[in-house]
Amino acid sequence: MIVGSGIDLVEIARIQQSVERFGKRFLNRVYTPAEQAYCLRKRNAAESLAARFAAKEAGAKALGTGISRGVSWLEIEVVREPSGRPTIRFHGRAAEIAESMGVGHVALSITHTAALSMASVVVEKLP
């Protein structure tokens, strides 16, 4: 049963500008070390960073909190399953909220064009 869903769209150039302007300060505030390692080894790191930014926003919306109301950027992490499929792992307060909602499965879909990254998250209770 679906207990939450969220969607977000991010301009890749906006993320690139934040990286250029604030550097590691921005990266360390928004992305886990593993997310940074994955994205920064890509030829166009801004696309991957923007996709994860959108996924984190969508994940926070699926929990019903948004980023500013009790859940931080680092508590929502985009990870890859062994198959390569992206998913979300919740930490800290986000994990507590997910547990209280009975979340047993998270479905994440990420896509991008040359200018935009989009993510959709659905959180479900398992039967």
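Which residue stands opposite V123 in β5? V106 does, and the views below start from that pair. This is a predicted model, where local features need pLDDT of at least 70 and side-chain atom pairs count only at pLDDT 80 or more, while totals for chains, interfaces and linings use all residues. Residues are numbered from 1 along each chain as its sequence is written, and side-chain values use heavy atoms, with hydrogens and water left out.

**View 1. The open sheet, strand by strand.** Three strands line up in the order β1-β5-β4, with antiparallel pairing. (Strands are DSSP runs of E, at least two residues; helices are runs of H or I, at least four; both are numbered from the N terminus. Two strands pair if DSSP finds at least two bridges between them.) Because β1 and β4 each have a single partner strand, they stand at the edges, and one side of each is left without a neighbour in the sheet. On average, neighbouring strands here are turned by 10 degrees against each other, direction ignored. Helix α4 packs on this sheet, touching β1, β4 and β5, and its direction makes about 145 degrees with that of β1. (Contact means heavy atoms within 4.5 Å; axes are lines fitted to C-alpha atoms, for helices over the stretch in contact, and angles run from 0 to 180 degrees between N-to-C directions.)

**View 2. Zooming in on β4 and β5.** These two strands pair in the antiparallel sense over nine bridges, and a hairpin of three residues joins them. A107 sits opposite V122 in β5. As for V123, its contacts beyond four places in sequence are M1, I2, V3, G4, A62, F90, M101, V103, H105 and V106.

**View 3. The largest nonpolar core.** Such a core is a set of buried Ala, Val, Leu, Ile, Met, Phe, Trp, Tyr and Cys residues joined through side-chain atoms within 4.5 Å. (Buried means under 20% relative accessible area, exposed over 50%, partly exposed in between, with a 1.4 Å probe and protein chains only.) This one has 37 residues, and I15, Y31, I76, F90, V121 and V123 touch the most other members. The top contributor is helix α4 (residues 45–63), with eleven residues.

**View 4. Helix α3 against helix α4.** The axes of α3 (residues 33–40) and α4 come within 8 Å and cross at roughly 145 degrees. From α3, E35, Y38, C39 and L40 meet A45, S48, L49, R52 and K56 of α4. By class, that contact has five nonpolar, one polar and three charged residues. (Ala, Val, Leu, Ile, Met, Phe, Trp, Tyr, Cys and Pro count as nonpolar, Asp, Glu, Lys and Arg as charged, and the others, Gly among them, as polar.)

**View 5. A lysine tucked away in α4.** K56 lies in helix α4 and counts as buried, at 0% relative accessibility. Leaving aside neighbours within four places in sequence, K56 contacts V30, Y31, E35, I67, W73, L74, I76 and E77.

**View 6. The two sides of helix α5.** In α5 (residues 92–101), the buried residues are A94, I97, A98 and M101. They cover an arc of only 100 degrees around the axis, so they sit on the same side of α5. (The arc is that of the directions from the helix axis to the C-beta atoms.) On the other side, E96, E99 and S100 are exposed. What covers the buried residues includes α4 and β2 (76–80). Right after α5 comes G102, whose phi is positive, near 80 degrees.
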